[in-house]
Every structure is written in C-alpha cells, then in structure tokens.
Protein chains: 2
Amino acid sequence: MTPTPARTPRSVWLRPERPARDRQLSRAAIVTAAVAILDAEGIQGLSMRRVAARLEVTAGSLYWYVGGKDELLELAADHVLGEIDLPEAGGGAGWREVLARAAASQRAMLLRHPWAASVLAAVPNMGPNALRAADRILAVLAAAGFSPGLADAALAAINSQVTGAVLAETAWRQATAGPAATLADWQREAAGYLAQITGRYPHVAARLTAPPPDIEASSQARFALALDCLLDGLQARLDS
Amino acid sequence: MTPTPARTPRSVWLRPERPARDRQLSRAAIVTAAVAILDAEGIQGLSMRRVAARLEVTAGSLYWYVGGKDELLELAADHVLGEIDLPEAGGGAGWREVLARAAASQRAMLLRHPWAASVLAAVPNMGPNALRAADRILAVLAAAGFSPGLADAALAAINSQVTGAVLAETAWRQATAGPAATLADWQREAAGYLAQITGRYPHVAARLTAPPPDIEASSQARFALALDCLLDGLQARLDS
DNA sequence: ACCTGAACACCGTTCAAGT
DNA sequence: ACCTGAACACCGTTCAAGT
C-alpha cells in the first residue's frame, strides 16, 4: 500500500567531507563514539541519539557531519578495517603465506568487533581502509603471476569465507551466551526440542548433543581447513 | 550509562507452538505475510505494524502467535530455506555432485530473497527446514566415508562460502541499483571518488573502472571456482 | 558555519479490557 | 482463547531558529 520510500543509498565515500574549521564535533569523534557503543552493546544498542549523548550533543547536530545512520555504520566498519595487519609492500613472503596471514588477521578483527561482519557484508566496502587492504592483496597476487580475473576470484573467495565463517561463529556465540549462562544450561533449556529432533534428524542431533569440547579451537581449526582448501585450489589453478 | 537491556534471545524453535483452535490468524499466515513484505521491500520495509496491516489485524495480536520481530525473522528465514532442492535420500549421485547441486540451489534461493542471507547469517538456524537440509547433507557425507569432524567442516565451509558470496553479491547489486539507474550512471556519479583513488590504489581502481561486462555471469563463475576449490580440497583430505 | 530544540512520522512491545 | 485500543518508551530525520 505505502509506496516504497525513495532511499538514496549513495555511499559516504562518494561525497567529500566538509572542510575543517574550529568546531567541537568531527566525523572522527562521531565514528569513535559509534564504535565504542557498537563494541559494548552491538548493533541493537546503536542509535543516533545515544551517539549524540555520548558526545554531549544533540542528535540533530550529527547530521552536519554524517549523512545518516547508514553512513555512520559504513564509516564505523571502515574504521575497524584499519586494524587488519597487511603484508608489507615489498615483503618477501610467498603469496600463500600473505593471504593466510591477512585472512587470519581479518578474522581476529571481526571476532573482536562482532557487529562488524554483518555491516561489512551488507554494503560494498569502498572506504580507504577497505581499498588499501584490497590493493595490497591484489598487488601480491599480481606479482605472483595471478591473472586479474583469478586474483579477483581469489580475493572474493577468501573474503566470502572469512565473512561467512565469522558470521556463523558469532551467531552461535551470541545465542548460547543468552539467558542461559553456560552451554550446559543452554542445552538443558533446549532439551525438549533436541529430543524431538533426535529421531527425525539423527546426524544433526549427534552434533548438537555432543558439541566439541573447545568451541574456540574447533572453529579455528575449521577455518584453517577451509582456507587451506581454497589456497590449494588457487595454487593448482595458478600452476596450470 | 543506560544498562544493557536484558534481551532473551531464546530461539523460536525452543518453544512449542500454541495449540490450534478456530482462529482467524496463525503463525503460517503471519510468516507468509512477512515473507511477502521482505521480498517486496527488504528488511527495512518489515515492521510488525505492516505485517499486521497486511493481515487486517492489530499489531498487538501478532504477539499471541510470535514472540516478537526477531522470532518472526527466524521463522521467515526457515520458511525460505524450504525452497532449497535437496538430494534424494537414496540417490546414486556422488557426494561432490550432491554438494554442488545443493550449494547452487541454496545460492539461487538466497538471490531470490535478498534479505534472507543476512537473517540466516545472524542467527543459528535450528528450524525444521534448516535441520532437514543439514541432515541430508551430513548423511550423504557419512555414506561417502567422511569422518564426523570432516563432514562438519565440509558443511560449514560450503555454507560460509555460499552465504559470504551471496552477501557480497547482493550488497553490490543494491548499491549500484540505487538512485542511478544503470551501472554507467553509477560510475559517472562515483567518478570523482574513483579519480581520487586511481593513484593511491591502482589495482583496485582497475577493477572498479573496468568491471566485467556481465556481472551476473562473472559472479556465477567466481562462485563455481571457489566451490570447486573447496570440493577439491575436501576430496584430497578424504582420500588421504 | 555550526548547533539547539522541537517537531514529525514512525517504531517494538505491553496490557487492560473486551468478546 | 483470541483480539482490540491505547499507551509507553523509544526511534531516524528534518528544520527553523539561534549564535
């Protein structure tokens, strides 16, 4: 019934920042405040009013520096992207090691900021930190003999793997960290449902009732396995 | 300052549905309405009030059947998960083909419902359709000789790849489908920013200014490549 | 140029009260 | 048992008006 509102999803990065003067607010301050709230309370806890309150300012004033909440999220996401360790420009390490290191660093950062993966996944990343990271990786791949097409595919595949894996990991973490304090509590709470599915879905039930002892370690191991598979496959396609 | 609200992220699936009587509303009707809105207007367009309006009912009445908006999203996500083509129970196809088919079907479904990937990624999927899909795949892998651990890793890796790839694809699609109608328009709009990054990030700039002619086909090709790499790697680890 | 204050049009959720 | 109506406590965003 109601017509679709004419959203204008133009990215922040397509508009220049306003020139600097003597002012008590800034894009940087707003982004820092937003990241602090996101880290502490997640995406649900972020609102323009709360960011403004943290800066002791009115909500409306944020709109002088930032197009809106969506833009602020884009800025926050690029901000944490700056925490990723990137390969040196002229480093001597092989491309496999470079990609593995960068992917591990990216995963660690996304686990430190559990809100970031979903934000980065929802929007094309065109911020300076995103571009810098992509450019470094593509440079390494080009130097290693990757064609532009294969380098693109490699970057996209690894990025998808990291993002997807972290999203799944944090989803489970947040669910089991709910009202039930421990995993055992959660299982007791879910016992009824589990009993119901044991018969219908035996393979899944076996996993749910007997989860790995160390979730942290097994997530890490699964991530390493998937990454190795991708790197093996890329190497084979590079050699042929 | 404000204390974190005591959310109760217990999953829908942990609570039984209320017994059926003669009523003008139902979980199924609510979920159907929600999916229709999500398909038409995306996640931003979904509100409890709009779902209620579509069913010619008050917003409050939805809470008799559904715990809240988060639960409704879980239900909607599992609903579309039912559209995935799964392997027959006793099919004769090899495990590689089975996984490839299921992954392709999952990807197609996620592209049909661009809101679904982010919802599925945000929450552990414990609905009946999610469990059924996982169980079928795990059964095929077990029959092919996969250890439980390797089967888990395989399922997780492929799921992460599909989810991550679709999220990236839809993010770009929605960005370029914004106010600028065509990709050329979008590029003209972004020209200033592109010129600015051409010097700093040459490898990325080359990709942005000269995108592949057929985005659809190249996304599909990249997805097939990543999936092949994963399947190759799994096969090698299965044989060893 | 920058920020306030107030308003507008929405939200999710609760809950007495009706039937 | 099921649904309404009204309310509560929030939202994002806009914009005149101040300085």
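## Close-ups of a predicted protein–DNA model

**View 1. Here is the protein surface around DNA strand D.** Out of 20 residues that surround this strand, the nearest are A:R49, A:Y63, B:Q24, B:T58 and B:Y65. Of the strand D atoms within 4 Å of the protein, 61% are sugar or phosphate. Keep in mind that the model is predicted. Sorted by class, the residues near strand D come out as seven nonpolar, seven polar and six charged. Helix 2 of chain A, residues 48-54, contributes the most to this surface, with three residues.

**View 2. Zooming in, we get to polar contacts on DNA strand D.** Two of them involve the backbone of chain A and phosphate oxygens of the strand: a backbone N or O atom of A:M48 sits 3.0 Å from one phosphate oxygen, and a backbone N or O atom of A:K69 is 2.9 Å from a phosphate oxygen. Chain B joins in with a side chain: an N or O atom in the side chain of B:R49 is 3.4 Å from a base nitrogen of strand D.

**View 3. Now for the surface around DNA strand C.** Strand C is surrounded by 20 residues, and the closest are A:Q24, A:T58, A:Y65, B:R49 and B:Y63. Sugar or phosphate makes up 62% of the strand C atoms within 4 Å of the protein, with bases supplying the rest. Helix 2 of chain B (residues 48-54) gives the most to this surface, again with three residues. The class tally near strand C is seven nonpolar, seven polar and six charged residues.

**View 4. These are polar contacts to phosphate on DNA strand C.** From chain A, a polar backbone atom of A:Q24 is 3.1 Å from a phosphate oxygen of the strand. From chain B, a polar backbone atom of B:M48 is 3.0 Å from a phosphate oxygen, while B:S47 uses its side chain, with a polar atom 3.5 Å from a phosphate oxygen.

**View 5. Helix 9 and helix 10 of chain A pack against each other.** Helix 9 covers residues 191-200 and helix 10 covers residues 202-209; the two pack at an angle of about 145°, with their axes 6 Å apart. The crossing of these two helices is left-handed. Helix 9 brings A:L194, A:I197, A:T198, A:G199 and A:R200 to the contact, and helix 10 brings A:P202, A:A205, A:L208 and A:T209. By class, the contact residues of this helix pair are five nonpolar, three polar and one charged.

**View 6. Finally, chain A is laid over chain B.** Rotating by 180°, with 0.0 Å of shift along the axis, superposes chain A on chain B with an RMSD of 0.0 Å. The two copies are therefore related as by a two-fold rotation axis. What share of the interface residues of chain A are also interface residues in chain B? It's 100%, so the copies meet through the same surface.

How values were computed
Residues are numbered from 1 along each chain as its sequence is written. Chains are lettered from A and ligands numbered from 1 in the order in which they are written. This is a predicted model: local features need pLDDT of at least 70, side-chain atom pairs count only at pLDDT 80 or more; totals for chains, interfaces and linings use all residues. Side-chain values use heavy atoms; hydrogens and water are left out. A residue is near a molecule or strand if one of its heavy atoms lies within 4 Å of it. A polar contact is a pair of N or O atoms within 3.5 Å; within protein, one must be able to donate a hydrogen and the other to accept it, and residues adjacent in sequence count only if both atoms are side-chain atoms. Helices (H or I, at least four residues) and strands (E, at least two) are DSSP runs, numbered from the N terminus. Ala, Val, Leu, Ile, Met, Phe, Trp, Tyr, Cys and Pro count as nonpolar, Asp, Glu, Lys and Arg as charged, and the others, Gly among them, as polar. Axes are lines fitted to C-alpha atoms, for helices over the stretch in contact, and angles run from 0 to 180 degrees between N-to-C directions. A crossing is left-handed if the near helix is turned anticlockwise from the far one by less than a right angle, and right-handed if clockwise. Contact means heavy atoms within 4.5 Å. Copies are superposed by least squares on the C-alpha atoms of residues with pLDDT of at least 70 in both.
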